[in-house]
Amino acid sequence: LQTVNFSTTFTGSQFILENKFVRVLDFDPPNIAPATSPIPQFYFNRSQSGFEDVNAFYHLNTIRNHISSLTFHCADSLIDIDTHAINGADNSYFSPSSLPHRIYYGTGGVNDAEDADVCVHEYGHSVSFTAAPGSNFSGNERQALDEGFGDYIAASYSKSLNTFNDQWVFNWDGHNEFWLGRVVNTQKYYPDSLIGNIFKDGQIWSTKLFALNGEIGRDATDSLILQTHYAYAQNISMIDAAQLLIDA
């Protein structure tokens, strides 16, 4: 049992999971209404749909507040999330095609919004898109950098809460019978280990960032990689990104 605090909205009759930065909605099948409460308390266990709503809402607000505390503004925009989406598929994704932007969390295997790593990874795509609009989706290495950043920022956040298996990403959603998850301590190296799979190639980048985190700490590493994103462009390579990180 874990009790946490967060800021939400009172409509005059009920509290809803919405504030200036994160809003829980139902915009994609399956149609499951977001949790509400007549009192300022949201208590759920894993068997209840409200658990995913509160879990994602809390962790996204917490990582957003962290980014803001580092004086970056790439997490200042409202984002809408659906914690039961994609027709129940075992997948999640960020979409900038709507305003506000949206995150879709699937429910296949382990419900994705039950895992803070998944919540934060997808939010990382939003942060990256906001810092360098439109650059996320052009070029294999640029997309691999985005997946690597999402894995890193999730691992960095998770490590700040608990160091258990801190080199695993998606500790709850993956590393099980449903899928293998990912790691931030791969032995892969650039460029020989590139295979054209943005998720696997991204582990090269996330591993280097996580190693840097171990050397200079969370705040410094997070600040450097967030600053780097403002200089990203379409089709950049990992070499380009590494130079931008050094410049930052």
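**Helix contacts, pockets and unusual bonds**

Student: Which residues of α6 do L224, I225 and T228 in α5 meet?

Tutor: This is a predicted model. L224, I225 and T228 are the α5 side of this contact. On the α6 side they meet A241, L244 and L245.

Student: How many nonpolar residues are in the contact of α5 with α6?

Tutor: Sort the contact by class. There are no charged residues in it, and 1 is polar. The nonpolar residues number 5.

Student: How are α5 and α6 oriented to each other?

Tutor: Helix α5 spans residues 218-229 and helix α6 spans residues 238-247. They pack at about 120°, with axes 9 Å apart. Roughly perpendicular ends at 115 degrees, and roughly antiparallel needs an angle over 145. The angle falls between those cut-offs, so α5 and α6 are oblique.

Student: What is the handedness of the crossing of α5 and α6?

Tutor: The angle of about 120° does not state the hand. The crossing of α5 and α6 is described separately, as right-handed.

Student: How are α3 and α5 oriented to each other?

Tutor: Helix α5 also packs with α3, and their axes are 11 Å apart. The angle here is about 160°. Angles over 145 degrees count as roughly antiparallel. Therefore α3 and α5 are roughly antiparallel.

Student: Which residues in α5 meet α3?

Tutor: The crossing of α3 and α5 is left-handed. From α3, the residues in contact are F149, Y152, I153, S156, Y157 and S160. Their partners in α5 are R218, T221, D222, I225, L226 and H229.

Student: How many charged residues are in the contact of α3 with α5?

Tutor: Nonpolar residues account for 6 and polar residues for 4. The charged residues number 2.

Student: How are α1 and α2 oriented to each other?

Tutor: Helix α1 covers residues 49-69, and helix α2 covers residues 116-131. Their axes lie 9 Å apart at an angle of about 50°. Roughly parallel needs an angle under 35 degrees, and roughly perpendicular starts at 65. The angle fits neither, so α1 and α2 are oblique.

Student: Which residues of α2 make the contact with α1?

Tutor: The crossing of α1 and α2 is right-handed. Helix α1 brings N55, A56, H59, L60, I63, R64 and I67. By class, the contact of α1 with α2 has 9 nonpolar, 2 polar and 1 charged residues. From α2 come A116, C119, V120, Y123 and V127.

Student: Which residues lie nearest the centre of the largest pocket?

Tutor: The largest pocket holds about 720 Å³ of space. Its lining has 21 residues. Nearest the centre are Q2, T3, V4, F42 and V54.

Student: Which element gives the largest share of the lining of the largest pocket?

Tutor: By class, this lining has 12 nonpolar, 7 polar and 2 charged residues. By element, the largest share is 5 residues, and they come from α1.

Student: Which elements give two or more residues to the lining of the second largest pocket?

Tutor: The second largest pocket has a volume of about 610 Å³. It is lined by 26 residues, with N91, H121, E147, R182 and F199 nearest its centre. Two or more of the lining residues come from each of β6, α2, α3 and α4.

Student: How many charged residues line the second largest pocket?

Tutor: Its lining has 9 nonpolar and 9 polar residues. The charged residues number 8.

Student: Where does P30 lie?

Tutor: Most peptide bonds are trans. P29 and P30 are joined by a cis bond, with omega about 0°. P30 is in the loop between β3 and β4.

Student: Where does P191 lie?

Tutor: Y190 and P191 are also joined by a cis peptide bond, with omega about 0°. P191 is in the loop between β9 and α4.

Student: What is phi of F170 near?

Tutor: F170 sits in the loop between β8 and β9. Most residues other than glycine have a negative phi. F170 has a positive phi, near 65°.

Terms used
Residues are numbered from 1 along each chain as its sequence is written. This is a predicted model: local features need pLDDT of at least 70, side-chain atom pairs count only at pLDDT 80 or more; totals for chains, interfaces and linings use all residues. Side-chain values use heavy atoms; hydrogens and water are left out. Axes are lines fitted to C-alpha atoms, for helices over the stretch in contact, and angles run from 0 to 180 degrees between N-to-C directions. Helices (H or I, at least four residues) and strands (E, at least two) are DSSP runs, numbered from the N terminus. A crossing is left-handed if the near helix is turned anticlockwise from the far one by less than a right angle, and right-handed if clockwise. Contact means heavy atoms within 4.5 Å. Ala, Val, Leu, Ile, Met, Phe, Trp, Tyr, Cys and Pro count as nonpolar, Asp, Glu, Lys and Arg as charged, and the others, Gly among them, as polar. On a 1 Å grid over the protein atoms alone, a cavity is a set of points where a 1.4 Å probe fits but cannot get out, and a pocket is an open set with protein on both sides within 12 Å along at least five of seven lines; lining residues have an atom within 4 Å of a point. Grid points are joined across faces, edges and corners, and a volume is the space filled by probe spheres set on the points.
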